[in-house]
Amino acid sequence: MAQQLKNVIILGASGNVGKPTVDALLAADGFNVTVLTRKGSSATFPSEVKVQSVDDTYPSDQLHAAFKGQDAVINLLPPSDVKHANAIADAAAEAGVKRYIPSEFGSDTSNPKVVELVPVFAGKAKITEYLKTKESAGMSWSAVVNGALFDWGLQNGFLGFDLVSHNATIFDSGDARVNFTTLSTVGQGIVAILSNPGETANRYIYIQSTKASQNQILAALEKSTGKKWNVSKRSTAEASQTGGEKLGKGDMSGVMDLIIGGIYRGEPAANYDETRGLDNDLLGLKQAPLEELVDKLVKGQKV
């Protein structure tokens, strides 16, 4: 069995996936956690975390110095920073990093049909392909596919449900079932990958917390809130078209329309539990009943 990767540095640690990842690493045994921030960042972290800073342009010499002595680099930077991805990977490999986890954490970008549905995912796919060229230098990689982030998307309305107004936007028939993962499960998954480097090297890792349709989510919400929700309809074709038009005008909010149009379309390619299989058992990650997750989120509890 390969040795656990203990020294870990995280980029984008203050983001949506970053905080639960830091929390999960600190809760586990044996990890030395460092976060890499941009100079001038006002983000704060737990006292157990070491903080290093680099210039906004991510200069290779500063990255190399920050990565020296690290076993793993976890890149959680947003899509807007994709232009730096190859340089970050280069610096990690040159510094002797053993494992690199790229900023995937969504749909299965290894599937060409998924990239066809959401063309902006092509950038992520290219980065993972680039990481394959670093294997010969001794740096392995693991790309995490977790589908839509359930708690994040339900709480902020991205999934089509407004927890305050009790309004729901149902796409098409509402029967397309979608892979969902909670933020805490993503963090636990990263810990498990680093703790089992041999079994998780140089491959996509597929995880989920639950799988459900919008109609099933709506039924769970109505049961938990004890109220009948107001429902409006929208087509995934229209969402995808709107997203493409927005991007064509330089409006990056179109990415969200493209993603929502892709995940609710019901394409077999989007159901990675069926096309690829899940790694939950390998990583020791449990799934949860939909109603349990929904009820906790309605009550403001963590999942």
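In the predicted model, a network of salt bridges links Arg234, Glu238, Lys246 and Asp257. Within this network, the side chains of glutamate 238 and arginine 234 meet in a salt bridge with an N to O distance of 2.5 Å. Glutamate 238 is partly exposed, its relative accessible area being 32%, and arginine 234 is likewise partly exposed, with a value of 25%. The structure as a whole holds 17 salt bridges, and two further examples are described below in the setting of the helices to which they relate.

Helix α5 spans residues 122–132, and its residues Ala125, Ile127, Thr128 and Leu131 are buried. When the helix is viewed down its axis, the buried residues of α5 fall within an arc of 160°, so they line one face of the helix. The elements that cover these buried residues include helix α3 (85–94) together with the strands β5 (99–101), β6 (140–145) and β11 (203–206). The same helix also carries a salt bridge, since both lysine 132 and glutamate 129 lie in α5, where they are three residues apart, or about one turn of the helix. An α-helix has 3.6 residues a turn, so residues three or four places apart point the same way. The closest N and O atoms of the pair formed by lysine 132 and glutamate 129 are 2.8 Å apart. In contrast to the buried residues named above, lysine 132 is partly exposed, with a relative accessible area of 35%, and glutamate 129 also counts as partly exposed, at 43% relative accessibility.

A contact between two helices is made by α8 (residues 214–225) and α13 (residues 290–298), whose axes come within 9 Å and cross at roughly 50°. This angle makes α8 oblique to α13, and the crossing of the two helices is right-handed. On the side of α8, the contact is made by Gln216, Ile217, Ala220, Leu221, Lys223, Ser224 and Thr225, whereas α13 contributes Leu290, Glu291, Val294, Asp295 and Val298. Aspartate 295 also takes part in a salt bridge, in which its side chain meets that of lysine 299 at 3.0 Å, N to O. Of these two partners, aspartate 295 is partly exposed, with a relative accessible area of 25%, while lysine 299 is exposed, with a relative accessible area of 55%.

Two individual residues were also examined for their surroundings. Threonine 181 lies in strand β10, which comprises residues 177–181, and is buried, with a relative accessible area of 0%. When residues up to four places away in sequence are not counted, threonine 181 touches Asn146, Ala148, Leu149, Phe150 and Asp151, as well as Val186, Ile207, Gln208, Ser209 and Tyr272. Glutamine 62, by contrast, is found in helix α2 (residues 60–67) and is partly exposed, with a relative accessible area of 22%; because the limit for a buried residue is under 20%, this value places glutamine 62 in the partly exposed class. With residues up to four places away in sequence again left out, glutamine 62 touches Lys39, Val54 and Asp55. Between glutamine 62 and valine 22, which are 40 residues apart in sequence, the distance in space is 22 Å, C-alpha to C-alpha.

How values were computed: Residues numbered from 1 in each chain as written. Predicted model: local features only at pLDDT ≥ 70, side-chain atom pairs only at ≥ 80, totals over all residues. Heavy atoms only, no water. Buried < 20%, exposed > 50% of the residue type's maximum accessible area, 1.4 Å probe, protein only. Helix = DSSP H or I, 4+ residues; strand = E, 2+ residues; numbered from the N terminus. Arc of directions from axis to C-beta. Contact = heavy atoms within 4.5 Å. Salt bridge = Lys/Arg side-chain N within 4 Å of Asp/Glu carboxyl O. Axes fitted to C-alpha atoms, helices over the stretch in contact; angles between N-to-C directions. Parallel < 35°, antiparallel > 145°, perpendicular 65-115°, else oblique. Left-handed = near helix turned anticlockwise from the far one by under 90°.
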